[in-house]
Amino acid sequence: MKRRRLLLPSVAAALLFFGLNGLTLAADSPAKTLDEDQMAQADCVGCHINVNPGIVKQHMEGPHANTKKVEDEVRCHDCHGVDHKTMDDVEKASMPTPEICGECHKKQARQHRDGKHNLAWLAMKSQIAWHGQPGSITEQGYRGCSGCHKIGEKGLLAVTQGNMGDVKRDGGKEAATYRYGNAQCDACHTRHSFKASEAMDPRACSNCHMGFDHPQWEMYTSAKHGIVWQIEGHVNEGGRAPTCQTCHLSEGDHEVRTAWGFLGLRIPTKENVLALIDVAPSLKEPLTKLAGLLPSGHYMDVDDDPQWTFDRALILQAAGILDASLQPTERFIEIVVQGQAARGPEAFNVERKKMKATCNKCHAQGFVNEHFKASDEIIKAADHEFAKAITAVQALYKDGILEKPEGWKYAPDLLQYYEAKTSIEQELYLIMLEYRQRTFQGAFHASNDYMHWYGWAPLKTAVNTILEEAKRMRAEHDSKKMAAK
């Protein structure tokens with residue numbers, strides 16, 4: 001639908017403004033003739049000032065209604081179209097999409113489309129546990145995961161057969177089933193003010209980046225950066241302390257990427273996997289096959305010893321991303337490649353350089369290098385502990401002590417989350433989504449207490465619990481076998 005610009009003369013604009021404050025125009029104001037579009041705009045405000053006056057007030061106080069040039073003003077029609085005219089045809093009002101925002105904000109819309117947040121809805125749907133939740137969580141409005149993941153584009157299709165490239169789009173079919181929640185941009189630039197200053201405030205991020213599996217807000221506010229930001233009076237630009245946006249939207253870049261990504265994983269390189277053959281020669285055939293599918297290169301700053309590669313392979317295997325013979329599954333394509341949950345060396349190194357350059361604006365290069373090295377080592381240590389627990393549970397399945405639940409394709413399956421059927425696998429889930437997340441995220445965000453007491457310490461406790469429980473289950477199983485004989 002072609003949208004016409006609505007050029008409301010300044011006197012008419014003043015009429016709308018004073019109307020908000022219960023005032024009227026002075027009697028000597030010159031009369032103005034409004035064209036059809038301008039009358040429609042006046043009708044929008046004249047109606048909505050009674051129906052939902054807060055929205056009108058927010059718009060009139062926001063940047064869209066207060067541009068330097070009157071012809072640049074954004075009117076109701078520009079976002080919502082011209083078909084909705086009465087209280088009985090509300091469904092005819094168009095709901096904005098990033099494409100509508102992109103008519104003016106071309107650079108930001110393109111960056112967002114190429115970035116991490118655009119994939120949030122796809123990432124949520126790639127998690128097998130999400131599909132088992134009741135409709136009150138997944139369908140009726142935005143609750144739980146979808147309350148934040150709606151920032152992602154709907155209708156992205158992960159192609160799991162014969163395609164290792166970009167996702168496809170369904171032509172708007174899925175988005176058409178949701179009247180609200182397709183705007184995406186309004187997750188940070190909230191309706192109807194759309195102020196850049198709001199989106200530049202780290203509190204704008206706290207709605208989603210908090211809580212159980214990703215408490216970045218709590219980490220930030222308890223670390224020195226966040227403490228200084230609070231002491232200085234919430235200075236979001238030009239202050240001494242960096243904000244979330246300083247590091248993750250550097251210079252306004254809306255791609256919002258990091259090297260390690262949300263899960264602290266990376267794609268094994270061809271060299272990583274081939275080096276495992278010397279350690280595990282019995283796996284030469286599957287490892288050689290896997291290596292042929294992987295990128296070549298080296299990760300900046302990261303020590304790629306075979307043990308760490310093997311530990312990460314076990315994590316990917318327990319998540320159903322690699323199968324029992326260490327070959328990529330449909331989840332590898334959907335989650336890792338197309339959902340971009342992990343980086344290859346080229347993308348990793350680009351993001352690592354960008355983040356280091358940002359840190360280097362305040363900190364000496366040597367300090368920055370040491371901080372990243374220490375944080376990388378924490379991921380490595382956490383992965384090794386996690387791998388011990390995974391190995392123990394995998395062995396229980398292999399020996400028939402645990403049986404694969406009906407309907408499950410993989411077991412253990414970390415992506416089943418709290419749907420895990422045994423207490424020992426519930427511990428695995430907590431390690432993956434809570435303890436390990438807090439360990440490495442706390443390290444990079446310089447939140448020492450979160451890294452240690454909310455991350456590493458309970459991770460170690462959970463691993464020891466799993467190892468002891470595996471011993472107990474195995475002893476009980478052997479005792480029953482002996483009794484049966």
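Here is a short conversation about one helix crossing and the cavities of this predicted model.

Reader: Why are helices H17 and H20 called oblique to each other?

Author: The axes of H17 (residues 306-318) and H20 (residues 365-398) cross at roughly 55 degrees. Angles under 35 degrees count as roughly parallel, and 65 to 115 as roughly perpendicular. The crossing falls in neither range, and H17 and H20 are therefore oblique.

Reader: Which hand does the crossing have?

Author: H17 passes H20 in a left-handed crossing. Residues making the contact include Trp 308, Leu 314 and Ile 315 of H17, with Ile 379, Phe 386 and Ile 390 among those of H20. By class, the contact has eight nonpolar, five polar and five charged residues.

Reader: Thanks! What makes a space in this model count as a cavity?

Author: A 1.4 Å probe has to fit there but be unable to get out. With a floor of 30 Å³, the count comes to three cavities. The largest has a volume of about 110 Å³, and the second largest about 50 Å³.

Reader: How do you know which helix gives the largest share of the lining of the largest cavity?

Author: That share is three residues, and it comes from H21. H17 also supplies at least two residues of this lining. There are 13 lining residues, and Leu 263, Leu 265, Ile 315, Ala 319 and Met 432 lie nearest the centre.

Reader: What classes of residue line the second largest cavity?

Author: Its lining has seven nonpolar, no polar and two charged residues. Asp and Glu count as charged, and the lining includes Asp 413 and Glu 425. Trp 408, Pro 412 and Tyr 417 are among the others there.

How values were computed. Residues are numbered from 1 along each chain as its sequence is written. This is a predicted model: local features need pLDDT of at least 70, side-chain atom pairs count only at pLDDT 80 or more; totals for chains, interfaces and linings use all residues. Side-chain values use heavy atoms; hydrogens and water are left out. Axes are lines fitted to C-alpha atoms, for helices over the stretch in contact, and angles run from 0 to 180 degrees between N-to-C directions. Helices (H or I, at least four residues) and strands (E, at least two) are DSSP runs, numbered from the N terminus. Angles under 35 degrees count as roughly parallel, over 145 as roughly antiparallel, 65 to 115 as roughly perpendicular and the rest as oblique. A crossing is left-handed if the near helix is turned anticlockwise from the far one by less than a right angle, and right-handed if clockwise. Contact means heavy atoms within 4.5 Å. On a 1 Å grid over the protein atoms alone, a cavity is a set of points where a 1.4 Å probe fits but cannot get out, and a pocket is an open set with protein on both sides within 12 Å along at least five of seven lines; lining residues have an atom within 4 Å of a point. Grid points are joined across faces, edges and corners, and a volume is the space filled by probe spheres set on the points.
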